[in-house]
Amino acid sequence: MGRIIEFNLYQESTSRILSNHFRSFDIDGNGVIDETELQKILKNLGEYASAGQVNEMIAQVDTDDSGTINFNEFLSVMKNVRSGDEEGLAFVKVYEKQKELIQVKGAVGTHSFSQEEMSAFAEHLNFVLDGDDDCKHLLPINPDGTDLCNKVRDGILLAKFINCAVPDTIDMRAVNFPKPGKPMSVFEINENQELGIASAKAIGCQVINMGGAELVDGKNHPHLVLGIVWQLVKIQLLNSINLKNFPELVRLLEDGETMEDLMKLPPDQLLLRWFNYHFGTGWTRQKVNNFGVI
């Protein structure tokens with residue numbers, strides 16, 4: 001009898017979880033998932049799919065040919081895939097990513113972010129700052145969960161990474177560090193945060209609605225932590241694109257263009273030209289104008 005009750009409770013719990021997940025797709029709350037809603041979910045996850053691909057994804061799950069996915073069809077595809085049936089697998093992959101979003105409720109609403117993104121940034125900072133004596137008390141950052149949001153608290157991690165993105169932006173003599181047996185004061189931490197935010201802004205980061213208090217309390221403001229870290233990662237990676245690091249860039253010269261002209265291009269334009277160079281060697285003559293539109 002006990003096992004039956006336990007099983008029923010498990011079924012009820014699973015049903016509630018799946019119901020909540022279904023509602024995260026059913027944005028307008030009308031009981032079905034349509035093309036527009038699935039497209040919004042994909043965009044939020046950083047995925048691109050054409051209208052045809054989205055409709056095909058729905059059609060694999062839509063057993064009553066309504067053009068939408070209702071809750072029973074949603075449950076059915078979850079059950080089938082877990083049983084080894086790959087019909088509807090494309091939709092399930094989207095579901096798995098959506099399910100992994102980190103949700104944090106704050107004073108101004110609920111913010112959702114991908115655990116995959118949080119983990120990738122944590123691992124990148126672990127790699128870049130590995131061996132830095134000033135960061136020994138902060139590394140490694142656990143890529144599981146939101147440890148990154150805790151590790152930016154004293155401002156040291158961001159200060160060091162800002163200098164990785166653009167060397168010598170911050171004079172590290174101006175940064176406060178913990179002393180043996182003595183934790184940093186709130187004043188020292190806030191000084192570090194304000195210095196870091198001002199320095200990030202100076203090298204091109206957008207820091208609107210971002211203050212030291214939010215980064216000190218990063219676990220409740222993961223969207224701000226991810227926002228500034230993402231911008232710094234982008235600057236750091238793009239700044240490494242130069243002729244010294246990549247002499248092969250000479251292949252990107254266009255007719256009548258000198259190497260001096262080429263190196264005047266900003267790093268993102270060099271990357272775009274490199275992409276089009278390799279894209280053009282394939283079967284297509286399409287050209288990418290930016291990384292959002294072909």
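Q: In which loop does D65 lie?
A: This is a predicted model, so a good way in is to place a residue against the helices and strands around it. D65 has a positive phi of about 55° although it is not a glycine. As for its place in the chain, D65 sits in the loop between α3 (51-59) and β2 (69-70).

Q: Is D65 buried or exposed?
A: The relative accessibility of D65 is 68%. The cut-off for exposed is over 50%, so D65 counts as exposed.

Q: Which loop holds D168, and what is its phi?
A: D168 is found in the loop between α8 and α9. With a relative accessibility of 73%, D168 counts as exposed. D168 is not a glycine, yet its phi is positive, at about 65°.

Q: How many helices and strands does the protein chain have?
A: The protein chain has 294 residues, and buried residues make up 36% of them. Its exposed surface comes to about 17,900 Å², with carbon and sulfur atoms supplying 53% of that. In secondary structure, the count is 13 helices and four strands.

Q: Which element gives the most residues to the largest nonpolar core?
A: In soluble globular proteins, nonpolar side chains tend to be buried together. Here the largest nonpolar core has 38 residues, and L148, L157, I228, V229 and L232 have the most contacts inside it. The elements that give it two or more residues are α6 (115-128), α7 (147-151), α8 (156-165), α9 (186-202) and α11 (222-239). The one that gives the most, with eight residues, is α11.

Q: Which residues does L232 contact, leaving aside its neighbours within four places in sequence?
A: L232 is one of the residues with the most contacts inside the largest core, and L232 is buried in α11. Leaving aside neighbours within four places, L232 is in contact with L158, F161, I162, A165, I203 and C205.

Q: How many residues are in the second, separate core?
A: This core is separate from the 38-residue one. Its members include F22, I41, V54 and I69. The second core has 21 residues.

Q: What distance does α11 reach from its first C-alpha to its last?
A: α11 has 18 residues, and at 1.5 Å a residue the expected reach is 26 Å. The modelled helix is close to that expected value, with a reach of 25 Å.

Q: How far apart are the end C-alpha atoms of α6?
A: α6 has 14 residues, which should span 20 Å at 1.5 Å a residue. Among its buried residues are M118, F121, A122 and L125. The end C-alpha atoms agree with the expected span, being apart by 20 Å.

Q: Why is the pair of F121 and W230 classed as stacked?
A: F121 in helix α6 and W230 in helix α11 are 109 residues apart, so this pair links distant parts of the chain. F121 is buried at 9% relative accessible area, whereas W230 is partly exposed at 43%. The ring centres are 6.3 Å apart, and planes under 30 degrees apart count as stacked. The pair is stacked because its planes are at 20°.

Q: What is the angle between the planes of F25 and F74?
A: F25 in helix α1 (residues 2-25) and F74 in helix α4 (residues 71-82) are 49 residues apart. Both are buried, F25 at 0% relative accessibility and F74 at 0% as well. F25 and F74 also belong to an aromatic cluster with F22, F71 and F91. Their pair is tilted, with 6.4 Å centre to centre and an angle between the planes of 55°.

Q: How many disulfides does a search of the whole structure find?
A: A disulfide needs two cysteine sulfur atoms within 2.5 Å. For C164, the nearest cysteine sulfur, that of C135, is 8.1 Å away, so C164 is in no disulfide. C164 is partly exposed at 31%, while C205 is buried at 3%. Across the whole structure, the number of disulfides found is zero.

Q: Which residue does a cis peptide bond join to L139?
A: The residue in question is found in the loop between α6 and α7. D147, in helix α7, touches this residue along with I141 and N142. The omega of the cis bond is about -5°, and the partner of L139 is P140.

Definitions and conventions
Residues are numbered from 1 along each chain as its sequence is written. This is a predicted model: local features need pLDDT of at least 70, side-chain atom pairs count only at pLDDT 80 or more; totals for chains, interfaces and linings use all residues. Side-chain values use heavy atoms; hydrogens and water are left out. Buried means under 20% relative accessible area, exposed over 50%, partly exposed in between (1.4 Å probe, protein chains only). Accessible areas come from the Shrake-Rupley method with a 1.4 Å probe; for residues, only the protein chains shown count as cover. A nonpolar core is a set of buried Ala, Val, Leu, Ile, Met, Phe, Trp, Tyr and Cys residues joined through side-chain atoms within 4.5 Å. Contact means heavy atoms within 4.5 Å. The expected span of a helix is 1.5 Å times one less than its number of residues. Rings of Phe, Tyr and Trp (its six-membered ring) pair if their centres lie within 6.5 Å; planes under 30 degrees apart count as stacked, over 60 as edge-to-face and the rest as tilted.
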